[in-house]
Amino acid sequence: MKFSNDFIFGGATAAYQCEGATKEDGKGLVCWDVYYKETDGYNPDPASDFYHKYKEDIDNCVKFGINGIRVSIAWTRIFPKGYGEINELGVKHYHELFKYAIENGVEPLVTLHHFDTPYELNKNGDFTNKEVQNYFIEYAKFCLNEFSEVTHWATFNEIWPWSVNQYITGTFPPGEKYQYNKTVECIHGMLYSHAVVVNYFKDNNIEGEIGVIHSLESHYPYDEDDPSSVEAAKRVDAIANGLELEASFEGSYREKTLTRVNYILETNGFERFEPDYSDLQEMKKACKRVDFLGINSYSAHWHKNYEGENYHHHNGTGDRGTFKSALKGMSEEIKPEGLPRTDWDWIIYPQGLYDMIMRVSEYKNCKKIYITENGMGIKEELNENNTVEDDQRIDYVKDHLEVVLKANENGANVRGYYLWSLMDMFSWSNGYNKRYGFFFVDFDTQKRYPKKSAYWFKNLSETKELK
Ligand code: BGP
């Protein structure tokens, strides 16, 4: 089994996790800047210093056969407050970055929002607030017109995780817990904003392609013979995948999905969710115009019914076995014995990715798929040869790419794969010791060292053969 010649072998990044330089060149405050300070969290500076070292990272792409790079624009480098005055230095920076990537044959796929809402806007309700949605839309329009050298755009990165972690698990700013109503409003607000941006892109005949990147992981019943387990898995799927896929590719929410989401809301004492009719009109128009779907997938999940009080413990330290999630009206997540897992309790299950690719391929408006994030977080150190023998990562990537090939053989249209992450960077709620990159970053010296997986990927990208 071989990859086609035009398959993209890419690496993924996100502005806030790699750029550093959070106070440089007029950048405005991001919600995380304040959240990390207030919670004694991680220092986002210097991260991987990508703001200054992007040329070196792109040179590494060239050396290692990586012909695509996912980057995001930091909203507050363009509009420091999120709206109003434009920061020319930020605009200049991204022109230079895109130019360098394109000149070197490393095609940028640019995300407009990757978890980095401007501080004031996040404080004022993030995407639950119409005003914030409109500021995002203005920022997006500006970027689509200004950066005409970019031909691959994604509106959002992971609408579900961004919403659930802000308002249910409380691991992302503003750190609220069990606010199911805000979570659903945020999801809907982002899906609506996505639709407006797609319609603007198409109405104005902007060159290139535009899509959306969703976190799409498979949810299964812990006990297939127990109907309450089956229903619990379906409820989680409805809120985590159903809303997002249906809005993106059908322009509305299915009745069954809404019933399940409303069950979750009502069980937690919140009002039912009634989507606004005019929002749906916008989504209806956009759903046929989306050029690609980005799938982010790392793991899969098993559920049983749960009716007790809400309880969530995030394993942010990489101490295996400490994760626990029991969400009222949704499910209790159970990690089945016998399946491999990472130190952060993420089950490794490539079949979950296969099932998801085949499922999304059934949406007739889902024309093309990229795997925009997949990878394995490991605690790593440089060895005496200044490299990392990351065979675990190679196996992980290989097993996931195998199911991509199998899905394509069975009729899917996956056209690229971006490893999370291109080089090591910090993780939002797990810090600097969760490394994902092809390139080891020494965060003290900011030197890059290719890991064994980088050499393996180079060979794959040259031969197109999975070995
Ligand atoms: C995705 C995000 C990425 C990245 C990745 C790994 O949800 O889009 O930004 O962080 O997950 O997750 P983590 O950093 O929690 O290990």
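This dialogue reads the ligand site and the cysteines of a predicted model.

Student: What should I know about the model before reading it?
Tutor: The model is predicted: local features need pLDDT of at least 70, side-chain atom pairs count only at pLDDT 80 or more, and totals for chains, interfaces and linings use all residues. Residues are numbered from 1 along each chain as its sequence is written, and side-chain values use heavy atoms, without hydrogens and water.

Student: Which residues come nearest to the ligand?
Tutor: A residue is near a molecule if one of its heavy atoms lies within 4 Å of it. Here 14 residues surround the ligand, and Gln 17, Glu 158, Ser 427, Lys 434 and Tyr 436 come nearest.

Student: Which side chains place a polar atom by a ligand oxygen atom?
Tutor: A polar contact is a pair of N or O atoms within 3.5 Å. Gln 17 has a polar side-chain atom 2.7 Å from a ligand oxygen. For the side chain of Trp 428, the distance from an N or O atom to a ligand oxygen is 2.9 Å. For that of Asn 430, it is 3.0 Å.

Student: How many disulfides does the rule give?
Tutor: A disulfide is a covalent bond between the sulfur atoms of two cysteines. The rule asks for two cysteine sulfur atoms within 2.5 Å. The count is zero.

Student: Why is Cys 143 without a bond?
Tutor: Its closest cysteine sulfur, in Cys 18, is 16 Å away, so a bond is out of reach. Cys 287 is in no disulfide either; the sulfur of Cys 366, the nearest, is 12 Å away.

Student: Is Cys 143 buried or exposed?
Tutor: Buried means under 20% relative accessible area, exposed over 50%, partly exposed in between (1.4 Å probe, protein chains only). Cys 143 is buried, at 0%. Cys 287 is buried at 3%.

Technical notes
A polar contact is a pair of N or O atoms within 3.5 Å; within protein, one must be able to donate a hydrogen and the other to accept it, and residues adjacent in sequence count only if both atoms are side-chain atoms.
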